[in-house]
Amino acid sequence: MSLTIPKIIAHRGSPREAPENTLASFRQTKAAGATWVEFDVALTKDARPVIFHDDGLERTSNGQGLLAETDFEIVKHLDAGSWFGNQFAGEPIPTLEETLDLLAELGLGFNMELKTDPGREAELAKIALPLTRDLWPEALAVPLISSFSRVAVAAAREVAPDWPMDVIYDRIPPEWQRDAKTLNLAVIGANHKHLTREQVMEIRGAGLKVSSYTVNEIERATTLFQWGVDAIFTDVPGEMVRHFGY
Ligand code: G3P
Ligand code: MG
């Protein structure tokens, strides 16, 4: 399926205005005028896909220990909002199902990043991808599926042969072309701190799109777009959309 991505993708929602990776953050993204969000999906101990970035629960919730070692029955009662501000007290860690329902209701497109523990890549892909296929209306924008883990993207590829996918790198390695071919990638993702104009030209020349994270300065975004970067992930989607449009 062909992929259309906007220039501006809201990183974990709008994490400067609402707690990251929560429904409140996604609602704020819509209010800020962005059209796509990026979120992180990971498995609880009992294999429920929830929206969460870190391995540990402490930074962005009132839980303790590892998400991957905590059952959903506990995760669903955690408070993922109070750490950010009292007005978000009680904001839960959303399930993948709740998130897809809200994004469809808001009309926001999305990039789902697979956050996997080593050894659980196929498990996550086999749970998250079919669920997403079932719940996401075909009439809405085709999502982008990504991961830092090639193993996770390979597992996702088996489950969703025709969906656009993306491996994210810190520094783009020499073997990116092999990954692009083997995994049939639509996009190469890269840390903007290490990305070069030459790499952008090479990737686009090979027929792929380039995304870059996490870009919070207008000046840097301007440079990246001049190089030909297709999309940036940003913590300040409202500011970026006001400056660059979608
Ligand atoms: O996909 C871009 C970005 O989300 C990757 O880094 O750690 O914020 O998930 P991280
Ligand atoms: Mg992410």
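## Ser14, a buried serine

Let's start with Ser14, which is buried in this predicted model. Its relative accessible area is 1%, and buried means a value under 20%, so Ser14 falls within that class. Along the chain, Ser14 sits in the loop that runs between strand E1 (8-11) and helix H1 (23-32).

What does the side chain of Ser14 make a polar contact with? The partner is the side chain of Thr29, at 2.9 Å. Thr29 also appears among the residues that Ser14 touches, together with Ser25, Gln28 and Pro237. That list leaves out residues up to four places away in sequence.

## The magnesium site

Now find the magnesium ion, which is ligand 2. Which residues are its protein donors? They are Glu38 (OE), Asp40 (OD) and Glu113 (OE), and they lie 1.9 to 2.2 Å from the ion. If you trace these donor residues along the sequence, their spacing reads E-x1-D-x72-E.

Asp40 belongs to strand E2 (residues 36-43) and Glu113 to strand E4 (residues 109-114), so this pair ties together parts that are 73 residues apart in sequence. Are Asp40 and Glu113 buried or exposed? Both of them are buried.

## Ala42 in strand E2

Stay with strand E2 for a moment, as Ala42 lies there too. Ala42 has a relative accessible area of 7%. The cut-off for buried is under 20%, so Ala42 counts as buried.

Try looking for Phe52 from here. Ala42 and Phe52 are 10 residues apart along the chain, and 6.3 Å separates their C-alpha atoms. Phe52 is one of the residues in contact with Ala42 once neighbours within four places in sequence are set aside. The others are Arg48, Pro49, Val50, Leu67, Lys115 and Leu124.

## A cavity in the protein

How many cavities of 30 Å³ or more does a search of the whole structure find? The search finds one. The largest cavity holds about 60 Å³ of space.

Phe52 turns up again here, as one of the residues that line the largest cavity. Its neighbours in sequence Ile51 and His53 are also in the lining, and so are Glu20, Asn21, Thr22, Thr60, Ala80, Ile93 and Pro94. Sorted by class, the lining has five nonpolar residues, four polar residues and one charged residue.

Terms used: Residues are numbered from 1 along each chain as its sequence is written. Chains are lettered from A and ligands numbered from 1 in the order in which they are written. This is a predicted model: local features need pLDDT of at least 70, side-chain atom pairs count only at pLDDT 80 or more; totals for chains, interfaces and linings use all residues. Side-chain values use heavy atoms; hydrogens and water are left out. Helices (H or I, at least four residues) and strands (E, at least two) are DSSP runs, numbered from the N terminus. Buried means under 20% relative accessible area, exposed over 50%, partly exposed in between (1.4 Å probe, protein chains only). A polar contact is a pair of N or O atoms within 3.5 Å; within protein, one must be able to donate a hydrogen and the other to accept it, and residues adjacent in sequence count only if both atoms are side-chain atoms. Contact means heavy atoms within 4.5 Å. On a 1 Å grid over the protein atoms alone, a cavity is a set of points where a 1.4 Å probe fits but cannot get out, and a pocket is an open set with protein on both sides within 12 Å along at least five of seven lines; lining residues have an atom within 4 Å of a point. Grid points are joined across faces, edges and corners, and a volume is the space filled by probe spheres set on the points. Ala, Val, Leu, Ile, Met, Phe, Trp, Tyr, Cys and Pro count as nonpolar, Asp, Glu, Lys and Arg as charged, and the others, Gly among them, as polar. Donors are N, O and S atoms within 2.8 Å of the metal (3.2 Å for Na, K and Ca); water is not among the atoms, so sites may look incomplete.
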